[in-house]
Amino acid sequence: MFPIMLAAVSAVAFGRADFSGGKASRRADPVAVTVVSQLLSVPLPLLLVLVAPGTPSTVDLAWGLGAGVAANALYLAAAGRGHLSVVAAIAALYPASTVLLALAVDREGLRPVQLAGLGFAADALVLASI
């Protein structure tokens, strides 16, 4: 139950943050928006890491922090220059497809439901960019 609740809270938080950050980066420097957004986002994940079972190692946290900051900076820079709907769709599809492809390589392959989800995401990306 905990992973499902965590995923739901993450989805809502990322959706709100993506929209707000994209709008803010049109008016302010994307690097400044990234710094402020990262500082504001630290307390909740830190609390969840301390409470959640299977706490990650310091190396895992460092990789996650670096990837998060880089991805956020690139996302906000793109959102400040382009159409937010296209940038958001690409930003949502890329990590999901990366996870699914890693699962496909690491395990026996993807289940039909996962392939269908990837297909729907790709369709959404095409439709959002029209």
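User: Hi! Which helix is V51 found in?
Analyst: V51 sits in helix α3; helices here are DSSP runs of H or I with at least four residues, numbered from the N terminus. This is a predicted model, where local features need pLDDT of at least 70, side-chain atom pairs count only at pLDDT 80 or more, and totals for chains, interfaces and linings use all residues. Residues are numbered from 1 along each chain as its sequence is written, and side-chain values use heavy atoms, leaving out hydrogens and water.

User: Is V51 buried or exposed, and why?
Analyst: V51 counts as exposed because its relative accessibility is 56% (exposed is over 50%, buried under 20%, partly exposed in between, with a 1.4 Å probe and protein chains only).

User: Which nonpolar patch on the surface has V51 in it?
Analyst: V51 joins V9, V42, L44, L46, L47 and L50 there, with about 660 Å² of accessible area together. Areas come from the Shrake-Rupley method with a 1.4 Å probe, and for residues only the protein chains shown count as cover. Patch residues have over 30% relative accessible area and no salt bridge, with nonpolar side chains (Val, Leu, Ile, Met, Phe, Trp, Tyr) joined within 5 Å and like charges within 9 Å; a salt bridge is a Lys or Arg side-chain nitrogen within 4 Å of an Asp or Glu carboxyl oxygen.

User: Which helix gives the most to the patch?
Analyst: That's α3 (residues 43-51), with five residues.

User: New topic: is S25 buried or exposed?
Analyst: S25 is buried, because its relative accessibility is 6%. S25 lies in helix α1 (residues 2-27).

User: What is S25 in contact with, leaving aside neighbours within four places in sequence?
Analyst: P30, V33, L76, A79 and G80, where contact means heavy atoms within 4.5 Å.

Key
Helices (H or I, at least four residues) and strands (E, at least two) are DSSP runs, numbered from the N terminus.
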